[in-house]
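User: I am new to this structure and would like to learn how to read its features one at a time. Please take me through them in order.

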Amino acid sequence: MAARFEAVAFDLLTALVDSWTLYTCVAGGEALGRTWRLASLRRVTAQGSYRPYEDILAEAAADAGVPAAKRDELVARWGELRPWPEAPAVLERLAGRRLAVVTNCSQRLADIAAAATGGRFELVMSAERAGAYKIDPRAYQAALDALRLPADRVLFVAGFAHYVPGASRGGRQVYWANRQLQPVPQGSPPRRHDEPDLQRLPAAASRRR
């Protein structure tokens, strides 16, 4: 029988939670909301060391042509975030497994979003807590250190293309919930799991190389 992973660590705002819809609602339109969300993803994945997430949201709003006041509205409405349709059932199927979140936001917003999923997480590792944003290696290592597990015992769940290469480094294995049907960035390590959602994650978590 194949060994299973001891823990599953999720991208929160892309893999478990539908953050795109909230950005769209706050921005006032799908195209503008998507542009703002993509701008925020580009900024955090390139950031490295932590600085206030709310500042990055404001800068991304400016990049997208979204009024500055919308940043405050987005933060105020963070509790409206909802999980992807299959996420609660998948988390329930993973009950008894060690579950973690590794997410690119402040600790306060990470806790709000994690609670919205209905999941029970042993660890919610925000960029603020880690001191660095993904895809900086420090963010992933902070989670491994907190879990006290080696990289090959944790299955990382990515929800956006730019997180795949970062999560894959150092021998880490990745399940990619590729909802946007994106190509993986050039130079990324081979992936075992490139799926349209989380449905096959419980099976993947039970088969470790």
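Analyst: Certainly. The model is predicted. Let us begin with two aromatic residues: Tyr-53 is buried, as is Trp-78. Together Tyr-53 and Trp-78 form an edge-to-face aromatic pair, with 6.2 Å from centre to centre and 75 degrees between the planes.

User: Where in the chain do Tyr-53 and Trp-78 lie?

Analyst: Tyr-53 belongs to helix 4, while Trp-78 sits in the loop between helix 5 (69-76) and helix 6 (87-93). The two residues are 25 apart in the chain, and the pair links distant parts of it.

User: How many aromatic pairs are counted in total?

Analyst: The count comes to 6 aromatic pairs. One of these joins Tyr-50 and Tyr-133; their ring centres are 5.2 Å apart and their planes meet at 25 degrees, so this pair is stacked. The pair also links distant parts of the chain, with Tyr-50 in the loop between helix 3 and helix 4 (53-64) and Tyr-133 in the loop between helix 8 (127-130) and helix 9, 83 residues apart.

User: Are Tyr-50 and Tyr-133 buried or partly exposed?

Analyst: Tyr-50 is partly exposed, at 23% relative accessible area. Tyr-133 has a relative accessibility of 0% and counts as buried.

User: How should I read a helix such as helix 9, and which of its residues are buried?

Analyst: The general idea is that an α-helix has 3.6 residues a turn, so residues three or four places apart point the same way. In helix 9, which covers residues 137-147, the buried residues are Ala-139, Tyr-140, Ala-142, Ala-143, Leu-144 and Leu-147.

User: What is found at the two ends of helix 9?

Analyst: At its start, a side-chain oxygen of Asp-136 comes to within 2.9 Å of the backbone nitrogen of Arg-138. Just after helix 9, Arg-148 has a positive phi of about 60 degrees.

User: How does one look for empty space inside a protein, and how many cavities of 30 Å³ or more are there?

Analyst: Rolling a probe the size of a water molecule over the atoms shows where empty space is left. Here there are 2 cavities of 30 Å³ or more. The largest cavity contains about 90 Å³ of space. Its lining has 13 residues, and those closest to its centre are Leu-13, Arg-37, Leu-41, Asn-104 and Tyr-163. Helix 1 (12-16) and helix 3 (30-47) are the elements that give two or more residues to this lining, with helix 3 providing the largest share, 4 residues. By class, the lining of the largest cavity has 6 nonpolar, 4 polar and 3 charged residues.

User: Which residues line the second largest cavity?

Analyst: The second largest cavity, with about 30 Å³ of space, is lined by Ala-9, Phe-10, Asp-11, Val-102, Lys-134, Tyr-140, Phe-156 and Val-157. Strand 1 (7-10) and strand 4 (154-158) each contribute at least two residues to it. Its lining comprises 6 nonpolar residues, no polar ones and 2 charged ones. Tyr-140, one of these lining residues, was named above among the buried residues of helix 9.

User: Finally, why is Cys-105 not bonded to Cys-25?

Analyst: A disulfide requires two cysteine sulfurs within 2.5 Å. The sulfur of Cys-105 is 19 Å from that of Cys-25, its closest cysteine sulfur, and therefore too far for a bond. The structure holds 0 disulfides. As for their surroundings, Cys-105 is buried at 0% relative accessible area, whereas Cys-25 is partly exposed at 45%.

Note on methods:
Residues numbered from 1 in each chain as written. Predicted model: local features only at pLDDT ≥ 70, side-chain atom pairs only at ≥ 80, totals over all residues. Heavy atoms only, no water. 1 Å grid on protein atoms, 1.4 Å probe; cavity = no way out; pocket = protein on both sides within 12 Å on 5 of 7 lines; lining within 4 Å. Points joined across faces, edges and corners; volume = space filled by probe spheres on them. Nonpolar A, V, L, I, M, F, W, Y, C, P; charged D, E, K, R; others polar. Buried < 20%, exposed > 50% of the residue type's maximum accessible area, 1.4 Å probe, protein only. Polar contact = N/O pair within 3.5 Å; in protein donor to acceptor, adjacent residues only side chain to side chain. Phe/Tyr/Trp six-rings, centres within 6.5 Å; stacked < 30°, edge-to-face > 60°.
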